[in-house]
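Me: I have a few questions about how the terms are applied to this protein. Please take them one at a time.

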Amino acid sequence: MTNKVSVDQDFCQAHGRCYAVFPDLFEPDDEGRAQVKNHGAVPESNTVDEILAVCPEAAITSV
Ligand code: SF4
């Protein structure tokens, strides 16, 4: 089973922490809000918990 995450853009404050730390998983949209890459599939080298912990707005959720 593949672990996946998504971004709730209603909560995203577009400060870019997630795509600075995990550039293979997140990228900014035109307004700087995060969107997932590769359908949000968490790389094997990372855990879902450490991905969720990068966002102080709790905008990233496990799906
Ligand atoms: S860390 Fe959270 S609030 Fe900041 S850009 Fe990423 S998803 Fe948005």
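Reply: Start with charge. Lys and Arg count as positive, Asp and Glu as negative, while His and the chain ends are not counted. On that basis the protein has 4 positive and 11 negative side chains. The centres of the two sets lie 1 Å apart. Note that this is a predicted model.

Me: What makes the protein agree with a compact globule?

Reply: The rule is 2.2 Å times the number of residues to the power 0.38. For 63 residues that gives a radius of gyration near 11 Å. The protein has 10 Å, so the value agrees with a compact globule. Its C-alpha trace spans about 30 × 20 × 20 Å along the principal axes.

Me: Which pattern do the helices and strands follow along the sequence?

Reply: The pattern is β-α-β-β-α-β. That is two helices and four strands.

Me: Why is V5 called buried?

Reply: Buried means under 20% relative accessible area. V5 has 1%, therefore V5 is buried. V5 sits in strand β1. Across the protein, buried residues make up 32% of the 63 residues.

Me: What does V5 contact, leaving aside neighbours within four places in sequence?

Reply: A contact needs heavy atoms within 4.5 Å. The partners of V5 include L25, F26, V36, I51, I60 and V63. A20 is 15 residues from V5 in sequence, and the two C-alpha atoms are 16 Å apart.

Me: Which residues touch the most other members of the largest nonpolar core?

Reply: V5, F26, I51 and I60 do, in a core of 15 residues. Strand β1 (5-7) and helix α2 (48-53) are the elements that give two or more residues to this core. I60 is in contact with V5, F26 and I51, among others. C18 and C55 are also among the contacts of I60.

Me: Why is H39 called exposed, and A14 partly exposed?

Reply: Exposed means over 50%, and partly exposed lies between 20% and that value. H39 has 68% relative accessibility, so H39 counts as exposed. A14 has 30%, so A14 is partly exposed.

Me: Where are A14 and H39 found?

Reply: A14 is in the loop between β1 and α1 (17-21). H39 is in the loop between β3 (34-36) and α2. Neither is a glycine, but A14 has a positive phi near 60 degrees, and H39 has a positive phi of about 60 degrees.

Technical notes: Residues are numbered from 1 along each chain as its sequence is written. This is a predicted model: local features need pLDDT of at least 70, side-chain atom pairs count only at pLDDT 80 or more; totals for chains, interfaces and linings use all residues. Side-chain values use heavy atoms; hydrogens and water are left out. Buried means under 20% relative accessible area, exposed over 50%, partly exposed in between (1.4 Å probe, protein chains only). The place of a charge is taken as NZ of Lys, CZ of Arg, CG of Asp or CD of Glu. A nonpolar core is a set of buried Ala, Val, Leu, Ile, Met, Phe, Trp, Tyr and Cys residues joined through side-chain atoms within 4.5 Å.
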